[in-house]
Structures are given as structure tokens and as C-alpha cells.
Amino acid sequence: MKTTPYNRLTRLLRRIASRNKTTPTASKKKGKDRKEGKYRDIIAAEYLQKRAHLPDWHEETLILGHLISQLPNQLEVLDIPFGTGRFMPLYASKLFRVKGMDISSDMLEIAQAYNRPDIAKFQAITGDATDLPLADSSIDLVVSYRFLGYILTVERAKLAIRELVRITRSYVILQLQYLKDGEQTGQQDKLGDKLTWPEQEEFLKSLNLEIMERIDTFSKDQYQNTILLARKSPIN
Ligand SMILES: C[S@@+](CC[C@H](N)C(=O)[O-])C[C@H]1O[C@@H](n2cnc3c(N)ncnc32)[C@H](O)[C@@H]1O
């Protein structure tokens, strides 16, 4: 049988789904939040199948395309967490040079099978967003979707945002969630349950970020999703 990108990906997903699930991940061993280490084995294998057809996924892609259309071509980009590398078609069209970092090697392996290497090249790096192995101001643009408000506790989200701002020299595109006006704080230790937009905006400003554009997307329960493009101002 001819090997197509589709059946190569399908075989890989089957293999990952059937792996032994008893070995704790590095992040679990270090005692981090359960959600950070969960994207492996069957959860990684089913990631695309469960999400890639949904309207919110499509809307997020559309918004990223709109935001990066305002930026120069050929930037060096860090997409973290890279997941399945879902934005490679957009990056390839801008001739971006891409580093894809994720704490899950399963997700990075899927990203490699999901994106044709002759058209969509990227450097895959296993790493933790709260402790980046990259120098200050060493990347033109950092992109972070479905992470800061979805996965991390408030304290670790702030830690990760500080790291992302430290390593960018120019731009960040962040998907965040904030507590809607007039809503009670929620039960979970997540940005969207705890912090309003003015509180998050003040935090971003304290890191010398100037917001160029912000677009609200879907909202759920007490929180609102938002995606922003910001520029890092030089420190006076
Ligand atoms: C919901 S997925 C989002 C992936 C991708 N950004 C997207 O929009 O589809 C969350 C990802 O965060 C990764 N992750 C969790 N904790 C992490 C950490 N501390 N540092 C880097 N990646 C992390 C997971 O492995 C998973 O791939």
C-alpha cells in the first residue's frame, strides 16, 4: 500500500494511543499541576480528532492569520506550546523560521507527522514554558494559544508570561482568558476564574508590553477568551 501523509499520521496516532500509561511524565514527577503532563498517550493521539473540526479552532486560526498579516515576513518565531503544530500553514506562508516547543514529546512527534517537512520546517524542542532555555530578546515573535488560561495555575501563568516576554525582542501573540465584568471569581486556580481584564492588562503593562490589537473570541461560564498582539517596548 502507498504511504500517504494521512496513513503515516494514522499509524503514529494508533501507536501513541496504545502505549503503556503507567510511567509518570517528567512534569508529574516534579509535582506540577496534573493538566500540564496530561497531553500524552491516548490524550495526545485524540487531540486533533476531538478539536480540529470545531468552530472555535477555526476562529482562532483566522485570528492568528489576521494578526500575523500585520507583521514582517521571515521572523523567527517560538510557538509554545506547539501541540500538533496546527499553525504551520500560516507560518509557512509568512516564511517564518519556527521553533516549536512543548513539554510533551508525544505532541511534538504528532506535529512532525502532521506537517510535511519539505514545506513546513520547524525545530522541535521539548521544554517547559516557565523555564525557557533561550536567551533574553532572542526571538522576534512568541505565539501561545490554548495554554496560559487553559492549563496553568494563575501563578504559573504569570511565570510563563514573564518568560515569554523575556525571550522575545519584538512581539507576542497570546491567547488569554479573563473573568467577565460582574462575574464572581470561579473555583479553579486559572486566569479566567480569577483575574479581570483590567488586572491582566496592568500585569502585561508592567512587563513593558504595549497591546497593538486584542480580539475577544468565544466565552464560556464566567470567563471570556481573548487573543492579543503586543509589542515589547525597549526598557528606558
Ligand atoms: C491544549 S494544548 C494546546 C496546544 C496548541 N497550542 C494548540 O493551540 O492546539 C496544551 C499543550 O500544552 C503543553 N504543555 C503543558 N504544560 C506545558 C509547559 N509547562 N510547558 C510547555 N508546554 C506545556 C501540552 O503538552 C499540550 O501540548
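Here is an informal walk through a predicted model, from its sheet to its helices, its ligand shell and a few backbone oddities.

**The sheet**

Start with the open sheet, which has seven strands in the order 3-2-1-4-5-7-6 and mixed pairing. Strand 3 (122-126) and strand 6 (209-220) sit at the edges with a single partner strand each, so one side of each has no neighbour in the sheet. From one strand to the next, the twist averages 20°.

Strand 7 is a good place to look at the pairing, and the table sets out two of its partnerships.

| Strand pair | Sense | Bridges | A residue and its opposite number in strand 7 |
|---|---|---|---|
| Strand 5 (residues 168-179) and strand 7 (residues 223-232) | antiparallel | nine bridges | Y178 and Q224 |
| Strand 6 and strand 7 | antiparallel | nine bridges | I215 and I227 |

Strand 6 and strand 7 also form a hairpin, with two residues between the strands. Within that hairpin, D221 takes a positive phi near 45°.

As for side chains, in a regular strand they alternate between the two faces of the sheet.

**Helices**

Helix 8 (residues 154-167) packs on the sheet. The strands that helix 8 touches are strand 1 (76-79), strand 4 (139-144), strand 5, strand 6 and strand 7. Compare directions, and helix 8 makes about 160° with strand 5.

Then there's the pairing of helix 1 (residues 5-17) with helix 7 (residues 105-114), whose axes come within 9 Å and cross at roughly 165°. Because of that angle, helix 1 counts as roughly antiparallel to helix 7. The crossing itself is right-handed. Helix 1 brings R8, L9, L12 and I16 to the contact, while helix 7 brings D106, E109, I110, A113 and Y114. Sort those residues by class and you get six nonpolar, no polar and three charged.

**Around the ligand**

Which residues come nearest to the ligand? Out of the 18 residues around the ligand, they are E36, Y39, P81, G83 and S104. By class, the shell around the ligand divides into 10 nonpolar, three polar and five charged residues.

P81 deserves a second look, since there is something to say about its backbone too. The peptide bond joining I80 and P81 is cis, with omega at about -5°. You'll find P81 in the loop between strand 1 and helix 6 (88-93). So much for the loop; P81 is also one of the residues that come nearest to the ligand.

**One more loop**

What sign does phi have at S137? It's positive, about 45°, although S137 is not a glycine. S137 is placed in the loop between strand 3 and strand 4.

Definitions and conventions: Residues are numbered from 1 along each chain as its sequence is written. This is a predicted model: local features need pLDDT of at least 70, side-chain atom pairs count only at pLDDT 80 or more; totals for chains, interfaces and linings use all residues. Axes are lines fitted to C-alpha atoms, for helices over the stretch in contact, and angles run from 0 to 180 degrees between N-to-C directions. Helices (H or I, at least four residues) and strands (E, at least two) are DSSP runs, numbered from the N terminus. Angles under 35 degrees count as roughly parallel, over 145 as roughly antiparallel, 65 to 115 as roughly perpendicular and the rest as oblique. A crossing is left-handed if the near helix is turned anticlockwise from the far one by less than a right angle, and right-handed if clockwise. Two residues are in contact if their C-beta atoms, placed from the backbone, lie within 7 Å. Ala, Val, Leu, Ile, Met, Phe, Trp, Tyr, Cys and Pro count as nonpolar, Asp, Glu, Lys and Arg as charged, and the others, Gly among them, as polar. Two strands pair if DSSP finds at least two bridges between them. A residue is near a molecule or strand if its C-beta atom, placed from the backbone, lies within 6 Å of it.
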